[in-house]
Amino acid sequence: MPSVLLPQRFLRPLFDIAGIRAREQASFAHEGASFPMMLRAGQALYGHILRRQPNIAQLAVVVGGGNNGGDGWIVAYLAAQDGIQVRVYDVANSPRKGDAKLAEEQAMGHPRIEVRSFHELEYDSAAVIVDALLGIGFQAPLSDMYEQVIGAVNQLSAQGAWVVSVDCPSGLDLHSGQATLAVQADLVVTFIGDKIGHYLQDGPVYCHEIVTENLQAVDLSEQPQAYFLEPAALDHFPPCQRRLNSHKGTYGHVTVIGGDHGFGGAAIMASEAAAKAGAGTVSLLTQETHLMAALVRNPNVMAVSAELADIRATLRGEQSVLVVGPGLGRSAWSKSVWQQCQSLSQPTVVDADGLYWLGLSSVQLDQLVLTPHPGEAARLLEKDVKEILQDLPRAASEIANRYQAVVILKGATSVVASPDGRLMIVGKPCPGLAKGGSGDVLSGMVGACLAFYQDAYEAAVMAAAWHNKAAQACSAKIGMVAMQPYQLLDYLE
Ligand SMILES: NC(=O)C1=CN([C@@H]2O[C@H](COP(=O)(O)OP(=O)(O)OC[C@H]3O[C@@H](n4cnc5c(N)ncnc54)[C@H](O)[C@@H]3O)[C@@H](O)[C@H]2O)[C@@H](O)CC1
Ligand SMILES: Nc1ncnc2c1ncn2[C@@H]1O[C@H](COP(=O)(O)OP(=O)(O)O)[C@@H](O)[C@H]1O
Ligand SMILES: [K+]
């Protein structure tokens with residue numbers, strides 16, 4: 001079965017703030033000065049504005065008190081030199097220092113630059129706005145004044161202005177990806193390297209497009225904190241790629257175990273997902289009352305009564321994959337099912353209530369994939385959800401280490417972590433998935449991929465990425481509100 005399938009060109013390196021600051025400092029030391037890098041940042045940004053908005057006649061630049069604002073002053077100066085009328089809205093509440101001061105001094109007094117009070121921003125008529133309020137130096141929460149200015153930028157954006165953010169949409173925390181209010185950026189020009197917060201939680205909500213400008217920063221030996229899987233990668237790799245001369249055994253066997261009374265649908269959806277994601281054969285072990293529904297829904301799945309058979313009877317060799325948890329419940333039956341699973345050494349996916357049982361009594365397996373949402377992650381780590389959301393990559397890695405498992409920490413984008421340190425962020429926000437059942441569909445898909453790929457991390461990445469990509473295609477056709485999670489299974493190639 002294929003391994004190491006994701007070519008480097010589809011993996012976008014993501015850095016934490018400390019990594020970016022280290023590269024910035026090393027670059028200043030190498031060059032013997034810091035201002036040239038700010039000049040390159042302003043030039044790069046201005047270049048993007050001209051390419052996207054070649055007929056620009058007026059420009060509004062909103063500048064904060066730090067170096068992000070310094071970049072904004074450089075852009076203001078370059079535009080003014082080019083004959084563009086520039087209005088600068090200055091939000092700094094104390095005199096600038098260092099490079100930002102130099103940038104301000106260079107631009108100040110230019111006949112085509114007018115400095116206005118930020119109160120007037122909402123009346124500005126420029127078609128292009130540069131957001132240079134806050135960059136990597138932002139510390140939440142936003143002050144009232146910044147909130148007001150960000151609100152005004154977003155209002156102009158809603159009225160049709162094109163907004164480009166310097167380094168990041170102001171208000172976005174580039175560590176966690178959280179924002180209470182941030183600039184809606186049509187384009188983000190980010191410097192030195194992509195920051196992880198651009199890709200987590202609210203990050204993708206505010207960054208409609210991101211381009212990266214390296215600014216000739218020196219390379220350090222340190223590795224990126226994580227990678228983002230470019231969705232284009234999936235154009236080349238269907239979830240469990242078919243081979244011409246293959247048979248059902250080529251694609252492995254998955255047993256889904258779950259569906260206590262009242263939760264039959266979860267296990268049925270997971271089994272259908274395993275089948276439609278490409279597993280060679282699929283069994284479903286569930287409460288007897290759900291058998292008829294399961295067989296009518298998908299006769300391709302071998303539905304077995306949990307009252308008449310145990311899990312071993314459904315297995316087809318050592319590599320049969322278990323998906324334990326969808327609708328499993330927390331009853332005495334659920335507990336006995338979990339105990340049976342603990343005595344087996346199959347490659348296993350644990351989801352939903354399976355994660356509840358795992359938290360009480362763990363398993364050690366060569367191939368184990370866990371698929372918690374932040375609430376389940378909090379339980380596994382004995383933390384509160386707020387703490388998990390402040391650092392999703394860290395939470396995913398901690399679970400991966402504690403349980404020696406590959407982890408998919410689910411959200412608007414999902415973080416996949418391996419105990420060997422690999423970290424990948426996959427997906428784009430798709431609120432059509434914000435419905436019960438989406439997780440059950442994912443767990444079945446992970447089962448199919450785990451039966452197909454040698455490497456559990458790659459299996460998890462492929463399943464999570466395809467779940468998201470198919471949901472986007474499905475919601476585009478059916479609608480974000482109406483789509484049902486299992487319908488995404490018809491958009492898997
Ligand atoms: N030094 C340089 O030459 C370079 C700097 N770069 C730019 O510099 C930025 C980083 O600059 P800084 O470290 O000065 O940081 P920022 O400019 O991002 O932010 C610091 C400023 O924002 C204020 N601030 C922080 N949190 C706030 C809040 N919650 N409410 C209101 N005000 C708040 C601070 O008081 C300070 O004035 C990068 O994002 C990038 O845009 C790039 O141009 C690369 C080169
Ligand atoms: N807004 C969203 N954007 C993208 N994906 C989402 C969004 N909301 C939910 N999802 C995805 O849907 C799935 C939800 O899983 P989970 O919370 O376990 O739901 P359930 O088990 O109730 O079906 C996860 O894969 C998650 O990544
Ligand atoms: K900014």
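A residue counts as buried if 20 or more other C-beta atoms lie within 10 Å of its own, as exposed if 12 or fewer do, and as partly exposed in between. Keep that rule handy for the exercises below, and keep in mind that this is a predicted model.

**Exercise 1. Which burial class does Gln 404 fall into, and which does Asp 167 fall into?**

*Solution.* Start with Gln 404, which sits in the loop between helix H14 (392-403) and strand S17 (406-409). There are 14 other C-beta atoms within 10 Å of Gln 404, so this residue is partly exposed.

Now take Asp 167, in the loop between strand S6 (162-166) and strand S7 (187-191). Asp 167 has 28 C-beta neighbours inside 10 Å, so it counts as buried.

Next, look at the backbone. Most residues other than glycine have a negative phi, and most peptide bonds are trans. Asp 167, which is not a glycine, has a positive phi of about 70 degrees. Gln 404 isn't a glycine either, and its phi is positive too, at about 45 degrees.

**Exercise 2. Find the cis peptide bond: which residues does it join?**

*Solution.* Go to Ala 140 and Pro 141, where omega is about 0 degrees and the peptide bond is cis. To place this spot in the fold, note that Pro 141 belongs to the loop between strand S5 (128-132) and helix H5 (144-158).

**Exercise 3. What domains does the chain have, and how far apart are their C-alpha centres?**

*Solution.* The domain assignment splits the protein chain into domain 1 (17-224) and domain 2 (233-491). Their C-alpha centres are 41 Å apart. Where the two touch, eight residues of domain 1 and 11 residues of domain 2 take part. On the domain 1 side of that contact you'll find five nonpolar residues, three polar ones and no charged ones.

**Exercise 4. Trace the open sheet of 12 strands: which strands stand at its edges?**

*Solution.* First, write down the order: S8-S1-S10-S19-S18-S17-S16-S15-S14-S11-S12-S13, with mixed pairing. Then check the two ends. Strand S8 (194-195) and strand S13 (301-305) each have a single partner strand, so one side of each is left without a neighbour in the sheet.

Now walk through part of the sheet:

- Strand S11 (residues 253-257) and strand S12 (residues 281-286) run parallel, paired over five bridges, and His 253 is opposite Thr 281 in S12.
- S11 also pairs with S14 in the parallel sense, over four bridges; here Val 256 is opposite Val 323 in S14.
- S14 and strand S15 (residues 348-350) are parallel as well, with three bridges, and Val 324 has Val 350 in S15 as its bridge partner.
- To get from S14 to S15, the chain goes through helix H10 (residues 332-342), in a right-handed β-α-β crossover.

Finally, check the faces of strand S14 (residues 321-324). Val 321 and Val 323 lie on one side, Leu 322 and Val 324 on the other, and all are buried, so both faces are covered by the burial rule.

**Exercise 5. What unit do S3, helix H4 and S4 make?**

*Solution.* Begin with the strands: strand S3 (residues 85-90) and strand S4 (residues 113-116) pair in the parallel sense over four bridges. One pair to look for is Val 86 with its bridge partner Ile 113 in S4. Add helix H4 (residues 98-107), and you have a right-handed β-α-β unit.

**Exercise 6. Do the span check on helices H7 and H15: how far apart are their end C-alpha atoms, and how many residues of each are buried?**

*Solution.* Helix H7 (residues 264-276) has 13 residues, so at 1.5 Å a residue it should span 18 Å; the end C-alpha atoms are 18 Å apart, which agrees. Helix H15 (residues 438-452) has 15 residues and should span 21 Å, and its end C-alpha atoms are indeed 21 Å apart.

Then count burial. In H7, 12 of the 13 residues are buried, so the helix is largely enclosed by the rest of the structure. Among them are Gly 264, Ile 268, Met 269, Glu 272 and Lys 276. For H15 the count is 15 of the 15 residues, so this helix is largely enclosed too.

Last, see what surrounds H7. Its buried residues pack against S11, S12, helix H8 (291-297), S13, S14 and H15. Just after H7 comes Gly 278, with a positive phi of about 120 degrees.

Conventions: Residues numbered from 1 in each chain as written. Chains lettered and ligands numbered in written order. Predicted model: local features only at pLDDT ≥ 70, side-chain atom pairs only at ≥ 80, totals over all residues. Helix = DSSP H or I, 4+ residues; strand = E, 2+ residues; numbered from the N terminus. Expected span 1.5 Å × (residues − 1). Domains from an automatic or database assignment. Contact = placed C-beta atoms within 7 Å. Nonpolar A, V, L, I, M, F, W, Y, C, P; charged D, E, K, R; others polar. Pairing = 2+ DSSP bridges. Right-handed = clockwise from strand over helix to strand, strands pointing away.
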